[in-house]
Amino acid sequence: MKINKIFILAAVLSQVVVNAPQILCAEKILKRGNGAEPQSLDTHKTSGVPESNILGDLAEGLLSVSSNGTMIPGVAEKWEVSEDGKTYTFFLRESAKWSNGDPVTADDFVYAWRRMVDPKTASNWTFIISPVVNAADIGKGVKKIEELGVKSDRKYKLVVTLNAPTPYFLSLVSHPCMFPLHQKTVETHGDKWTRPENFVSNGAFILEEWSPQLHVKLKKNPKYWDASSVKLDGVIFYPIDDRQAELKRFKTGDIHITRMVPADQIETLKAQMPNNYRSTPMYSSYYYSFNNTKAPFDNPKVRQALALAVDREKLVKQVTKGDEKPAYSMVPPAPGDYTPQEIQCRLSDTSDLVPCKSLTQSQREALSKKIFAESGYKQGEPIRIVFNTDENHKKIAIALSGMWKSVLGVETELTNKEWKVYLAAREKRDYELYRQVWRADYNDPNTFLILLKSDSGADNTAGYFSKAYDDLMIKGAASKDLKERMDYLMGAEKQMMSDFPIIPLYYFVENNLVSDKVLSGYEGSAMGYHLSKWIDITE
Amino acid sequence: MLRLILNRILGAIPTLFVIIGISFFMIRMAPGGPFDQERQLPEEIIANLNKVYHLDEPLYQQFGRYLWGILQGDFGPSFQYKDHTVSELIFQGFPVSLKIGGIAIVLAAIIGIFLGTIAALRQNTRVDYLIMGFSMTGITIPSFVMAPLLSLVIGVYLRLLPVGGWGDLKHMVLPIIALTLPQIAYIARLTRGSMIEVLRSNYIRTAKAKGLPERVILARHALRGALLPVVSYLGPATAGIITGSVVIEKIFGIPGIGRFFVLGALNRDYTLVMGVVVFYGIIIILFNLIVDILYGILDPKVRYE
């Protein structure tokens, strides 16, 4: 009798779960792996790449990006920059509409930007808007939000005044946190404005469904001004943080574009799916920071010796194996006027400086040994390397530790820490060496170089304090001439690279898989922008 | 019986209070905070964030605020998933975990008890060895091995079922199998052991002496006694399984609540961790109560006055 009841219960339960009829349709729906669950879809409350990917499809800023990552007009049809480089006037296209049909006006930008700097919003992103007049003071609560250096003519003209000429300002305005907001929606629904039933946006897609830990579904926005360029009917973003799981779902055709691939399977995938495997150089650097404030790394010669002893070629070929490029500078190479300043070496006291990259590894090692001998370093306690728990970081730390041991006989101790514990340790500068990755926030070398300025606080993990470096950075920031500015920044990086506060290891690449069904529009982009707007698929 | 239930519910209140207190202060002792990230936020932003989330108040005041919120059924906003409250996240995820966990534990109980009984009746025969061999394997293979294997073979190679996602019945099959297998193994072993013991006991001998048929002895007398250890195992096991498995959810991309526990802790999402802990505590207490009630029904020696 009891057994019968259990059977009935099981039958009832299984009936309950047979739901959701299969929907078969010929719509073009792009399915993308998107790493983690988005923290928020409020442009001012996010902090990561998964949110940027979704927001880039949902909304559009003054400028947008093309399929290969170059800046193109977005909501702004054209813009003018004043003689002194401090005033930007944007002319908005009148055809730009919100998904509810309202026109996108300059007021929507003013509202959004004021909201971002408002201390009550507590946005993570205020450093992006910091070049705008009074942004910093408003954030500190010293000035009112109405004093922000942005004005609208109530229609389609937006005037922005900056503290100093900021040539990368156009790159900043394409960042999701600088997108416009529909004031009425945000004010009516408060914290719940990002729910699909409330969401009003101005991008190529609109939010259809958001099911935490399952998916975020977008559908084409017919009101979008450039809707005729949009080939897809919808996009689904899956928050899959497990790379193996993502790979399996790609193999079964469940997703079209993965966010990443398992690092240990890159070689197999390259061989098995050469047409699907993509490797895109990113505007991003992997490096180690010395703790410059403490012995033994307060001694520049010790820093230099360790930096030269690293075999970067071997590191990327045999350890990381993801098509990374060995790095000798902090700023990765990118198209434009900036030439990354690589580490220089002097083979003997009388010879000229040459790029260390041009030497053979054995020459570098010989040089490293010589400098190390001069440094007067005596091994006491082992040097402590700290990294956050991750297979790849661990492999790199082991490889470096081995290289330093064999070339210089230096003993090291590896410590891995859970992410938040690692961040706390790094902030306190408790250890001697830290691993670090920096992914550009905007398309300008400043996003890297600013980290090592004396006043960068905890971002300056190396604890590098150089007056010469700071001076060059300040001069660069104040410079009106684009070329002159780049010269100052290059000068700063050159100065830094001769002081060795960090060890550049490699320039990051993004490795992922793209299905044969993706016909066009998915190209490499150093900033990692891949707007679904440009992508077309077969179905 | 009613008194027992009432007593236990009243007794649960201080237990929950202790759970909340310990976990509240423990998560705050962990180094790092909810707003630490690769890019360090400027001090004024950290200050603004702390103010918005009341982290600038003294700890005892925050604790008081939290308790007051819970009394009103409010677990607060999530620090990490800023567009959702903790209650929303829990109540969106729990039905999913309950569905697969519930089915898995019912299946496991039926199959496990059946196999265990057969093994006990055929003690030391090939059938017994086969079942126990299977169950030993089920216990020793952890779910983080079983789940990827299942999805690789059945999903990727044979293409019979999807390897991840949620929505249809087909999405539930593999996770349920992965959850059920080790449970079947445990339950079969437990049932076999206690059944062998019960079959040797005096009251079964008496029943046999009375001339009752084997079937009746088994169904009416032996199974009832043999199920007691299984029931006490099933209580906490059900509580555990319906509150979600981190491994299974991650591997099969299931939007349950198991992952929130780990993600919440890793992100120092204080409110989310607390919410899941309190919820988990309530479920455990509830299932322990159910076990006690079932004991009263199954075991004639236990009577609640």
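**Group meeting: chains A and B of a predicted model**

Good morning. Of the 305 residues in chain B, 53% count as buried. Please keep in mind throughout that this is a predicted model, and that the values I quote are computed.

Let me stay with chain B. How many helices and how many strands does chain B have? Chain B has 12 helices and zero strands. Reading along its sequence, one therefore meets α elements by DSSP runs, in the pattern α-α-α-α-α-α-α-α-α-α-α-α. Taken along the principal axes, the C-alpha atoms of chain B fill a box of roughly 85 × 60 × 30 Å. If we consider the contacts in chain B with a separation of 6 or more, 74% of them are between residues 24 or more positions apart.

I turn now to the surface of this chain. Chain B exposes about 14600 Å², and carbon and sulfur atoms supply 68% of that area. One feature to look for is a nonpolar surface patch of about 720 Å². Its members are B:Phe144, B:Val145, B:Leu149, B:Val153, B:Tyr157, B:Leu158 and B:Leu160. Take B:Leu160 from that group: this residue is found in the loop between α6 (143-157) and α7 (170-199) of chain B. Is B:Leu160 buried or exposed? B:Leu160 counts as exposed, because its relative accessibility is 61% and the cut-off for exposed is over 50%.

Next, chain A. Here four strands form an open sheet in the order β4-β5-β7-β6, with antiparallel pairing. The edge strands are β4 (76-81) and β6 (150-152) of chain A, each of which pairs on one side only. On average, neighbouring strands of this sheet are turned by 20° against each other, direction ignored. As an example of the pairing, β6(A) and strand β7 (residues 157-161) of chain A are joined in the antiparallel sense over three bridges. To find one of the partners on your screen, start at A:Ser152; its bridge partner in β7(A) is A:Leu158.

My final residue is A:Met116, in helix α3 (residues 106-117) of chain A. Why does A:Met116 count as buried? A:Met116 counts as buried because its relative accessibility is 0%, and buried means under 20%. Leaving aside residues up to four places away in sequence, A:Met116 touches A:His44, A:Ser123, A:Trp125, A:Thr126, A:Ile129, A:Cys177 and A:Met178. There is also a distance to note: the C-alpha atoms of A:Met116 and A:Ile145 are separated by 9.4 Å, with the two residues 29 apart along the chain.

Thank you for your attention.

Definitions and conventions:
Residues are numbered from 1 along each chain as its sequence is written. Chains are lettered from A and ligands numbered from 1 in the order in which they are written. This is a predicted model: local features need pLDDT of at least 70, side-chain atom pairs count only at pLDDT 80 or more; totals for chains, interfaces and linings use all residues. Side-chain values use heavy atoms; hydrogens and water are left out. Patches are made of residues with over 30% relative accessible area and no salt bridge: like charges are joined within 9 Å, nonpolar side chains (Val, Leu, Ile, Met, Phe, Trp, Tyr) within 5 Å. Accessible areas come from the Shrake-Rupley method with a 1.4 Å probe; for residues, only the protein chains shown count as cover. A salt bridge is a side-chain nitrogen of Lys or Arg within 4 Å of a carboxyl oxygen of Asp or Glu. Helices (H or I, at least four residues) and strands (E, at least two) are DSSP runs, numbered from the N terminus. Buried means under 20% relative accessible area, exposed over 50%, partly exposed in between (1.4 Å probe, protein chains only). Two strands pair if DSSP finds at least two bridges between them. Axes are lines fitted to C-alpha atoms, for helices over the stretch in contact, and angles run from 0 to 180 degrees between N-to-C directions. Contact means heavy atoms within 4.5 Å.
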